[in-house]
Amino acid sequence: MAGRARPLDVDGVVELARIERSGLIESRHLGAAAVVDASGRVLRAVGDVRATIYPRSTLKPVQAIAMLELGAEFADDELVLALASHCGSPDHVAVVERMLRDDGRDSSALQCPAQWPLGGAERAARQAQGLGPSRLTMNCSGKHAGMLRASDAVGGDPAHYLELDHPVQSQITAAVERLTGEAVHHDGHDGCAAPLHATSLAGLALAIARVASGQSAEAGRVMAAVRAEPWAIDGPGRANTVVIERLGGIAKLGAEGLVVIGTPDGMAVAVKVLDGSMRATTPVALALLAAAGGIPTELAHELIALTSERVLAGDDEVGALLVSID
């Protein structure tokens with residue numbers, strides 16, 4: 001599989017956004033993006049959308065669907081934690097602890113690394129309490145708890161739930177190929193130690209369109225849970241949660257400059273910033289959805305304002321992040 005992989009490179013990207021400060025362009029974000037509908041029709045291709053990228057955590061909704069296909073059962077907040085990159089708040093940790101406790105486990109069963117919470121305020125609060133990094137506060141802890149539950153559903157060995165030939169990982173691989181409509185380009189490992197399957201941006205966007213439109217019973221279950229518990233996927237006031245609350249679809253960030261957003265009617269966008277910066281991802285994705293008619297332009301502008309990093313000089317706003325593509 002590795003021989004077919006053609007990574008996204010400088011020849012396959014365009015300027016997606018720029019930072020303007022005091023009338024001068026200070027930074028430019030280069031990348032690629034695909035807007036796709038649930039039938040697989042590419043509505044907009046910006047840059048090389050067929051090149052190979054690691055989807056990172058944007059693939060979590062597909063992984064959660066595979067867990068459901070294996071027969072794992074979750075409360076709504078548990079299912080959203082299984083596909084979350086959560087900020088590590090006490091509420092998030094409590095759900096993961098409940099999942100483990102109900103399955104007869106504790107945090108020692110998780111094979112994700114111990115890490116500080118993703119959220120700055122949550123990290124500061126933990127430090128103030130004299131606590132250190134934990135597997136529970138690692139942003140993928142819910143996914144790992146979900147994989148353990150899925151392993152139990154099929155009688156798999158929980159000690160080996162991250163191995164590529166484990167029933168859970170085999171089901172995830174099959175789900176990735178089915179929903180993206182393409183063979184896995186390359187296999188690697190994510191930052192949480194779970195297997196990671198490379199796809200194209202177009203394939204990733206198609207998978208999210210199929211999830212967001214509820215094309216299967218499992219996809220419908222995922223979307224119902226996300227709409228019911230949007231706080232759990234990220235955190236109150238954070239980008240993914242804000243977008244879900246306003247759009248009623250799904251939004252998911254991924255490490256190294258990735259985001260996917262899918263609407264309930266089955267339009268989805270996948271954005272990759274080449275240098276891995278997260279700053280432009282959500283604004284660019286929202287602008288592309290609006291340009292394709294997937295969301296109202298006014299709503300896109302409101303959400304871009306809510307999710308964009310401010311350009312400040314002290315307390316004064318002296319610039320903005322500007323999306324470069326129409």
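This is a short tour of a predicted model, with stops at a group of paired strands, a buried helix and a helix crossing.

**Stop 1: strand 2.** Select residues 24–37, which form strand 2, together with strand 1 at residues 14–21; the two run antiparallel and are joined by seven bridges. Within this pair, Glu15 lies opposite Leu30 of strand 2. Two residues separate the strands of this hairpin, and Ser22 has a positive phi near 50 degrees.

Now add residues 42–46, strand 3, which pairs with strand 2 in the antiparallel sense over four bridges. The hairpin of strand 2 and strand 3 has four residues between the strands, and Gly40 in the turn shows a positive phi of about 100 degrees.

Add strand 9, residues 267–273, which is antiparallel to strand 2 and linked to it by seven bridges. Centre on Val35: its bridge partner in strand 3 is Arg44, and its partner in strand 9 is Val269.

**Stop 2: helix 9.** Select residues 239–247. Seven of the nine residues of this helix are buried, so the rest of the structure largely encloses helix 9. Among the buried residues are Val242, Val243, Ile244 and Leu247. To see what covers them, show helix 8 (217–228), strand 7 (250–254), strand 8 (258–262), helix 10 (281–291) and helix 11 (297–307), which are included in the cover. Just after helix 9 comes Gly248, with a positive phi near 75 degrees.

**Stop 3: helices 6 and 7.** Select residues 167–180 and 201–212; these helices pack at about 95 degrees, with axes 7 Å apart. Helix 6 is therefore roughly perpendicular to helix 7. Show Arg178, Leu179 and Thr180 of helix 6, which meet helix 7 residues including Leu204, Ala207 and Arg210. The contact residues comprise five nonpolar, two polar and two charged.

Definitions and conventions:
Residues are numbered from 1 along each chain as its sequence is written. This is a predicted model: local features need pLDDT of at least 70, side-chain atom pairs count only at pLDDT 80 or more; totals for chains, interfaces and linings use all residues. Side-chain values use heavy atoms; hydrogens and water are left out. Axes are lines fitted to C-alpha atoms, for helices over the stretch in contact, and angles run from 0 to 180 degrees between N-to-C directions. Angles under 35 degrees count as roughly parallel, over 145 as roughly antiparallel, 65 to 115 as roughly perpendicular and the rest as oblique. Contact means heavy atoms within 4.5 Å. Ala, Val, Leu, Ile, Met, Phe, Trp, Tyr, Cys and Pro count as nonpolar, Asp, Glu, Lys and Arg as charged, and the others, Gly among them, as polar. Buried means under 20% relative accessible area, exposed over 50%, partly exposed in between (1.4 Å probe, protein chains only). Two strands pair if DSSP finds at least two bridges between them.
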